[in-house]
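Work through the exercises below with the sequence and the model side by side. Try each task before reading its solution.

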Amino acid sequence: MDRQDTEKIIAEYLKPIFGFALKRCKNIHDAEDLSQEIAIRAFRALLIKDNVADMGKFIWTVAYNTLSNYYRDTAKSIVGVSIDEIAERIADSYSEIDTDDNTESIHKLQTEVAYLSKLQRRIVIAYYFENHKQTDIARELGIPLGTVKWHLFEAKKDLKRGMDTMRRPSELKFNPIKFHSYGINGSVGTKSPDEFFRSTLSQNICYCVRDTAKTINEIADDLGVSPVYVETEAEFLEEYGFLQAQKDKYMVNFLISEPTAELMIMQNDIYKRAAKLFANDLYDELTFSGILDDPDILCGQTDQPISLTKSSRADHNFILWSLIPYIAACSGENLMDKSISFEEVATIRPDGGHNIFHASVVPEHLVLPDDYVYMKNWCGPMWNGNGEHILWQIDSEWSEQREFNSVSYSEDASRVLSLYSREKKERLSRDEYIWLAERGYVKTNGDYDGCFKSSWQIVVLDSKEIQNRLLAIGERIKVKYQTELNALKAPYAEAVLESVPTHLKKVKSYELQFLFYSDGWFLIHCITTLLKNGKLKEPTQGQRKSLTTLITNI
């Protein structure tokens, strides 16, 4: 197998190999040693093999064989190279480490090899560990022989310097953070956020450089892990735009919020007051104007089986669960500050995503008021269009958890809209009705091949006229309270921006433009306000699957 393919395969298995080693070693140093040995042995073996039928089986066979040897030889070897040899050839002044009593020094030297730069590390491993000639190394790497000699000389100095240095990890080594939540503003690519932030390592690398740019070695010191693993993960995150390279340093390239109790209380207060102004007026006008009975507002939701002869209509409360957040989010857009465009601040990612990514870290032991509104199981607002209609949707603690997948959601939404358009002209297939019914979009009754009826269980705004009338109600209310809403927003926006790194202030300023519009916190406070004062009733169990979902015309 050629060297480039071999390096790619080993890079893909580095993290699983480290997890294998970590479960079988007494400490992280031993795990790093073992994982490095497994990786190097697998690398050597693959270079002379072709047509490996099952790569996973091959790698784990090497891993278990290496583990057996490691248990026997760990006290006297460094990744398959004798202590005498490595001491003599790399760091003559440390030849005393070849005693059984100096395992700590052995681990220290192993660790310091990982702290070399990527090129130096490759040269050192090739020369000292794989016994390659300097001329061969120069040819394989495409660099002059003198450069190889210079790096070997510098590596010896760096190793000695590292052996003399007391590395002091930060608190993150002992108390790593974990993202409380993360989300996307914009279009999702083919990779979901979980593929980037499924591990504690990736989350803590980003958190470590949220305010200050750091080198790979500095990040590794803070986290107390080998730079080899930081390097691989950082390169992956930088490739997809989550880290920003600044010469030899990295800095986070997305919003990580870690609010204080004071900021969270301030946030809760302004949203509570804004929702009280807006939501109550909106509810009253929708309820008493008679617009909820307009024939262009369609919804056949019912907890009972649908009738084969009569068309059912949802109760007003269920319809309001969709209309109130939709109008709160979409009305009065001409009142918004739009000085910063999405294109100015969004990141274009290699997987096709074009978005702003944000994550939150919630400090422990926060003391918050009893009436603090938490965003539980919240997702949205989400919307997708097909050129004719838009599917607009929110998931929350009150809806049946629909397990939205950020990658597949767009495809599912497009299918819903396509089926909705088709069903207006013709009956769908049996399987298509089953698919829609499983997701709560429709309810059916009767024999598909005989007397059969279907009913859409979500709210449909069947004309542009009714859509404009509803949004006009929301705009009038926002105009009415515009002075009060702006006064609430100003100090909060200023406090939020103070907590954001300088290079991301423009990104956050863009998001703050949507305060009291398509802003999840505003929408959840509008719902909570109306629930607490008894105007809005909680949905029935049968309504939860199709809650807060509507289709509009474009």
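The exercises that follow treat a sheet, a helix that lies across it, and salt bridges.

The model is predicted, so that local features need pLDDT of at least 70 and side-chain atom pairs count only at pLDDT 80 or more, while totals for chains, interfaces and linings use all residues. Residues are numbered from 1 along each chain as its sequence is written, and side-chain values use heavy atoms, with hydrogens and water left out.

**Exercise 1.** Determine the strand order of the open sheet of 5 strands, and identify its edge strands.

Solution. Begin with the terms: helices (H or I, at least four residues) and strands (E, at least two) are DSSP runs numbered from the N terminus, and two strands pair if DSSP finds at least two bridges between them. Following the pairing across the open sheet gives the order β8-β15-β16-β12-β11, and this pairing is mixed. The edge strands are β8 (297-298) and β11 (379-385), each of which pairs on one side only. Within the sheet, β12 (residues 389-395) and β16 (residues 549-553) run antiparallel and are joined by 5 bridges; one residue to locate is His389, whose bridge partner in β16 is Asn553.

**Exercise 2.** Find the strands that helix α14 lies across, and state its angle to β12.

Solution. Contact here means heavy atoms within 4.5 Å. Helix α14 (residues 316-330) lies across β8, β12, β15 (459-461) and β16. For the angle, axes are lines fitted to C-alpha atoms, for helices over the stretch in contact, and angles run from 0 to 180 degrees between N-to-C directions. The helix α14 runs at about 105° to β12.

**Exercise 3.** Describe the salt bridge of Lys15 with Glu233, and decide whether each residue is buried or partly exposed.

Solution. A salt bridge is a side-chain nitrogen of Lys or Arg within 4 Å of a carboxyl oxygen of Asp or Glu, and the structure holds 25 of them. In the pair of Lys15 and Glu233, the closest N and O atoms are 2.5 Å apart. This pair links distant parts of the chain, 218 residues apart, with Lys15 in helix α1 (residues 3-24) and Glu233 in helix α12 (residues 227-239). For accessibility, buried means under 20% relative accessible area, exposed over 50%, and partly exposed in between (1.4 Å probe, protein chains only). Lys15, at 33%, is therefore partly exposed, whereas Glu233, at 2%, counts as buried.

**Exercise 4.** Classify the accessibility of Arg422 and Glu426, whose side chains meet in a salt bridge.

Solution. The N to O distance of this salt bridge is 3.3 Å. Arg422 has 28% relative accessibility and counts as partly exposed, and Glu426, at 42%, is partly exposed. Elsewhere, salt bridges that share partners join Arg3, Glu7, Arg122 and Glu140 into one network.
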